[in-house]
Amino acid sequence: MNHKKAKRIGILTAGGDCPGLNAAIRGVGKTAIVAYGMDVIGFNAGFTGLIDKDYIHLREKDLSGILTVGGTILGTSREKPYKIVKEGDSDKPDQIKENYKELELDCIVCIGGNGTMKTANRLSEEGMNVIGIPKTIDNDVWGTDVTFGFDSALQIATEAIDRLHTTANSHQRVMIIEVMGHTAGWIALYAGMAGGGDIILLPELEYNIRSVCKKIEQRYEDKKPYSIVVVAEGIKHPEGKSAASYLAEAIHLYTGIETRETVLGYVQRGGSPTPMDRILATRYGAFAAECIAKECFGVMVAVKNNQLTTVPLEEVGGKVSLVTPDHPLIVKSRKMGVSFGDEFL
Ligand code: F6P
C-alpha cells in the first residue's frame, strides 16, 4: 500500500485584480483535490497572507459557484516581500520560508502579473516549490501569448468605444478614450481596432500631437466631422494630467473642434470574466495542478500558439511583453487609414 502523504498546496492572488481570478483558483483547487487528492489552502491578500500566515482551507465545495464571479475570493494586495521600505521588511522573506515549512507546503501557486512572477522567482531561488499563473488585464506578462483578464477588459473597452461613437457622431465632436495597460498598449490596440478607432496612441510608438490633429482635420475635410481617439494610459504626456485630458486640451487648441475625454479606469478590471477568460483561467489553473502532480516547479504556466506550456520563472522575472511596431494589427490598421499619431513625424 502507498502511504505517501498527499501534497499540500497554497494558492495566492497578487497585484491588481482582474476578471478570471476565481476561475483560476477554482481550476487549480478542483483539479488538485478531485484528480490528485491534494490538500489546498488559500492565502489572503496576496503575499501579505503568506507573510502573516493568514489563510483559509479550501475544500472542493468552497470552490463551487465562483467561476463567474469577478475579483478574487482570496483578496489581493501589492505587497512585495523582497522590497525593503521600512524597518522590519527584511524579515519578510524569512517569515515566508518559516511559514512554508510550518504549513508543510509542497508548492505555492502565485497568480499574478510581472511583479508577482518576479517575487515567485525569488521564492523559488530560496528553495521553495513555486508555480506562477499569468493574469492581468494589461496582457504584458513576458513568456506567454496571453494573460487572462485581457479579453474581459477588451470587451468592456470596446463596448465603451461603441457607445462613444454614437455620441461623437451626434455632436460632431472628437472623443478621446483612455484605457489602461500600464506601460503596454495591448488594450488600446485591440480595443482600438475592435471599436473602429480613428487614431490609436500606444506607449510603444512615439506620437506627435500635430500629426494627431492633422488626421482629425483631414477627417473633417472629408466630411467626417467626428473622430474617436483611443489612447493607452502609458503614452508620454505632461505630468499632472491624464493622457486623455492632455490630448483633449491640445486637440481643441490646435483644431478648434469640440473635444471630450473619457478615462475608463477601474471598470476595465471589474465584473464577471468573459467566456474566453473563464476558459483560459480554468485551463491555466488545471494545468498548474497537473504540473504540481508531476513535480514540475519553478515555472510559470503559459500559452504559446494556443498550446499550454511552461516557462522557467527565472526567464520571466523583470521582463515585460510590449506591442512591437510591426504587430500585424498595426500594419493592417495603417493600411485602412487608422492613424497611430506618427504619420507626419
Ligand atoms: O496592472 C493592472 C492595472 O490596472 C494597470 O492597467 C494600471 O496601470 C494599474 O493596474 C493600476 O494600479 P492600482 O490598482 O494600483 O491603481
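Start with the ligand: domain 1 (8-149 + 273-304) and domain 2 (154-269 + 325-335) both contribute residues to the shell around it, so the ligand lies between them. Keep in mind as you click around that this is a predicted model.

**Stop 1: the two domains.** Color the protein by its division into domain 1 (8-149 + 273-304) and domain 2 (154-269 + 325-335). If you drop a centroid on the C-alpha atoms of each, you'll find the centres of domain 1 and domain 2 lying 35 Å apart. Now show where they touch: ten residues of domain 1 are in contact with nine residues of domain 2.

**Stop 2: the pocket.** Switch on a surface and look for the largest pocket, since that's the one where the ligand sits.

**Stop 3: the shell.** Which residues are around the ligand? Select Arg78, Thr136, Ile137, Asp138, Met180, Gly181, His182, Glu233, Tyr266 and Arg269, and show them as sticks. Color that shell by class and you get four charged residues, three polar ones and three nonpolar ones.

**Stop 4: the polar contacts.** Zoom in on three side chains, one at a time.

- Pick arginine 78: a polar atom of its side chain is 2.8 Å from an oxygen atom of the ligand.
- Next, glutamate 233: an N or O atom in its side chain lies 2.6 Å from a ligand oxygen.
- Then tyrosine 266, where the distance from a side-chain N or O atom to an oxygen atom of the ligand is 2.3 Å.

With those contacts on screen, how much of the ligand's accessible area does the protein cover? On its own the ligand has 400 Å² of accessible area, and the protein covers 72% of that.

Methods
Residues numbered from 1 in each chain as written. Predicted model: local features only at pLDDT ≥ 70, side-chain atom pairs only at ≥ 80, totals over all residues. Heavy atoms only, no water. Near = heavy atom within 4 Å. Polar contact = N/O pair within 3.5 Å; in protein donor to acceptor, adjacent residues only side chain to side chain. Areas by Shrake-Rupley, 256 points an atom, 1.4 Å probe, with all protein chains shown as cover. 1 Å grid on protein atoms, 1.4 Å probe; cavity = no way out; pocket = protein on both sides within 12 Å on 5 of 7 lines; lining within 4 Å. Sits in = over half its atoms within 2 Å of the grid points. Nonpolar A, V, L, I, M, F, W, Y, C, P; charged D, E, K, R; others polar. Domains from an automatic or database assignment. Contact = heavy atoms within 4.5 Å.
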